[in-house]
Amino acid sequence: MDALGVYVLTFNCARNFVDVDAFANHFFDALPASGAGSSAPDLIFLSLQEIAPIAYSFLGGSYLLPYFDAFRRAVQKASAQKWDQHYVNFLSDNTGMTGLMLFARDDTLSKIAWRDTAHVGLGVQEMGNKGAVGARLGYVVEGHPSKTVDLTFVAAHLAPMEDSYEQRNMDWKSIVERLVFTHDSKKSAERSSMDENTSLLDDAASAHAEGSRRDLFAPNAYLFLAGDLNYRTSNVGPSVREIEQFPRRNVDLDNPSHYSHLLKNDQLVREMSYGRTFHSLSEAPIDFPPTYKYSDAAREAVRLGLNTDDHEWKWSNHRWPSWCDRVLFLNKPWAGEAGKVKPLAYNALPLFAQSDHRPVALVASVPLRPSDASSNTENIRAVAPFSIDPSWKSKRDMARRKEIVVGAVAYLGLTREGNGLLLASLLGIIGAWFILRSMLEV
């Protein structure tokens with residue numbers, strides 16, 4: 001095998017449980033019908049935003065297990081239906097309400113030599129109501145057991161609203177500065193062959209290089225970033241008159257209501273072209289309608305199972321239809337044309353009743369060329385646009401403590417289980433007071 005098949009899917013879950021059967025039936029819709037990319041991918045990467053209500057998301061752990069498990073079941077059912085294949089969910093993680101899941105096909109799981117995760121909150125007080133979670137792994141190259149192809153996967157959810165594109169640019173800056181990986185697959189091997197003095201000299205001389213291996217722009221790692229990036233097609237909300245210009249179904253390409261004309265106003269394309277966000281990343285051509293924001297009527301039509309595609313053109317009147325859900329990749333190869341990521345398909349899945357977003361998926365082929373961290377990385381990969389924030393860890397630790405407090409308060413005040421716990425505690429206190437009072441009166 002000289003290439004790795006990767007299936008990347010991003011979905012804003014709107015804090016709801018996914019419909020396992022419906023999602024499984026359409027999970028692989030983005031795959032080509034035949035030819036390259038149509039076979040079972042080696043790796044599946046899910047980027048999930050608003051995966052659960054804030055109480056469960058901020059508390060994490062067992063509170064999120066049912067939500068992750070629903071996606072596990074959907075992937076297993078989808079792959080069994082299409083190829084009779086089995087996938088192993090070898091990593092699930094989250095930063096607040098943003099989740100990441102990685103699956104490997106049975107026969108590829110053993111080739112994953114190591115893995116690492118990183119987290120950054122982007123919301124209020126740098127907590128995870130918005131944020132990013134990353135995973136980096138080493139995939140062993142056949143015939144080169146000591147070498148790996150390194151891949152980085154990032155699930156992200158950036159600031160909302162039409163006029164907040166500058167904040168979204170700042171969110172990207174925060175991801176680069178504070179999404180820091182700590183694993184170094186080469187470090188132990190290098191040090192085992194050095195004496196103590198050489199190691200100390202190396203630590204002093206290569207501090208910058210060490211940083212470059214830890215940040216998002218690791219010189220020898222492929223990068224896929226997917227999520228609800230929230231870039232819109234206007235800097236202001238739509239007026240009543242402008243609603244008439246929303247994309248419509250079955251119109252000619254030269255019709256002003258064809259979605260391609262709206263795509264010309266896409267903030268993400270604009271900001272990337274000006275070098276203000278997602279530096280050095282690429283995107284496959286978009287050839288599908290906006291994926292946000294669908295009206296309640298559209299979602300109700302899906303829920304009722306109405307046999308029509310018209311619901312996928314029913315937009316919410318207070319938001320411009322936009323391509324919020326995107327998959328980007330780093331295409332700065334270290335081995336010329338042969339080292340490039342090859343996009344094979346990029347498309348949106350159908351609308352599901354649980355969300356006002358449509359999922360988006362990228363099918364890609366990654367060359368299996370082993371990494372060589374000893375090469376001159378300055379000539380291999382463009383320098384990261386921002387340096388690592390020295391206080392990234394303390395900021396994340398502080399934000400995590402805040403998340404636990406907010407999650408606990410939300411759990412007690414906003415969930416049925418929490419309300420029950422509060423009521424039981426209150427009744428217990430009242431009962432204890434009456435018992436104590438009766439004992440004192442004796």
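Which residues form one aromatic cluster with Y7? In this predicted model, the partners of Y7 in the cluster are F11, F23, F27, F28, F71, W83 and F352. This group is a handy place to begin a tour, and it belongs to a wider set, as a search of the whole structure finds 25 aromatic pairs.

One of these pairs is made by Y259 and W313, whose rings are tilted, with 6.5 Å from centre to centre and 35° between the planes. Y259 sits in helix α8 (residues 259-263), while W313 belongs to the loop between α10 (296-303) and β10, so their pairing ties together parts that are 54 residues apart in sequence. W313 also forms an aromatic pair with W315, this one edge-to-face, with centres 6.2 Å apart and planes at 85°. W313 therefore appears in both pairs, with Y259 in one and with W315 in the other. Y259 has a relative accessibility of 12% and so counts as buried, the limit being under 20%. W315 is buried as well, with a relative accessible area of 7%.

The strands come next. Strand β1 covers residues 3-12, and eight of its 10 residues are buried, which makes this strand mostly covered. On one hand, β1 is joined to strand β12 (residues 360-367) by eight bridges, and the two run antiparallel. Within this pairing, A3 has P367 of β12 as its bridge partner. On the other hand, β1 pairs with strand β2 (residues 43-49) in the parallel sense, over seven bridges. Here V6 finds its bridge partner in L43 of β2. To get from β1 to β2, the chain passes through helix α1 (residues 20-26), and the resulting β-α-β crossover is right-handed.

A further set of strands makes up an open sheet. Six strands take part, in the order β5-β6-β7-β8-β10-β9, and their pairing is mixed. The edges are held by β5 (112-121) and β9 (281-282); each has a single partner strand, so one side of each is left without a neighbour in the sheet. As background, strands of a sheet pair through backbone hydrogen bonds, and they may do so in either a parallel or an antiparallel way.

Both kinds of pairing can be seen around strand β8 (residues 221-228), which meets strand β10 (residues 325-330) in the antiparallel sense over five bridges, whereas β7 and β8 pair in the parallel sense over eight bridges. Opposite F224 stands F329 in β10, and opposite D150 stands A221 in β8. Strand β8 is mostly covered, and the count for this strand is eight buried residues of eight.

Strand β6 (residues 131-141) of the sheet carries R136, a residue that repays a closer look. Although R136 is buried, it has no salt bridge; D215 offers the nearest side chain of opposite charge, at 5.5 Å. That distance lies beyond the limit for a salt bridge, which must be within 4 Å. The side chain of R136 does have polar partners, however. It makes a polar contact of 2.7 Å with the side chain of T152. In addition, a polar atom of the R136 side chain lies 2.7 Å from the backbone oxygen of D215. For R136, then, D215 provides a backbone oxygen at 2.7 Å, while the side chain of D215 is 5.5 Å away.

Finally, a few places in the backbone deserve a mention. Most residues other than glycine have a negative phi, and most peptide bonds are trans. Against this background, the peptide bond that joins Y292 and K293 is cis, with omega at about 5°. K293 lies in the loop between β9 and α10.

Positive phi values appear at M161 and F278. For M161, phi is near 80°, a positive value in a residue other than glycine. M161 is part of the loop between β7 (144-157) and α4 (165-178), and its relative accessibility of 35% makes it partly exposed. For F278, phi is also positive, near 45°, again in a residue other than glycine. F278 lies in the loop between α9 (267-273) and β9 and is buried, with a relative accessible area of 1%. The two residues thus both sit in loops, but M161 is partly exposed and F278 is buried.

Methods: Residues are numbered from 1 along each chain as its sequence is written. This is a predicted model: local features need pLDDT of at least 70, side-chain atom pairs count only at pLDDT 80 or more; totals for chains, interfaces and linings use all residues. Side-chain values use heavy atoms; hydrogens and water are left out. Helices (H or I, at least four residues) and strands (E, at least two) are DSSP runs, numbered from the N terminus. Buried means under 20% relative accessible area, exposed over 50%, partly exposed in between (1.4 Å probe, protein chains only). Lys and Arg count as positive and Asp and Glu as negative; His and the chain ends are not counted. A polar contact is a pair of N or O atoms within 3.5 Å; within protein, one must be able to donate a hydrogen and the other to accept it, and residues adjacent in sequence count only if both atoms are side-chain atoms. Two strands pair if DSSP finds at least two bridges between them. A crossover is right-handed if, with the strands pointing away from the viewer, the path from the first strand over the helix to the second runs clockwise. Rings of Phe, Tyr and Trp (its six-membered ring) pair if their centres lie within 6.5 Å; planes under 30 degrees apart count as stacked, over 60 as edge-to-face and the rest as tilted.
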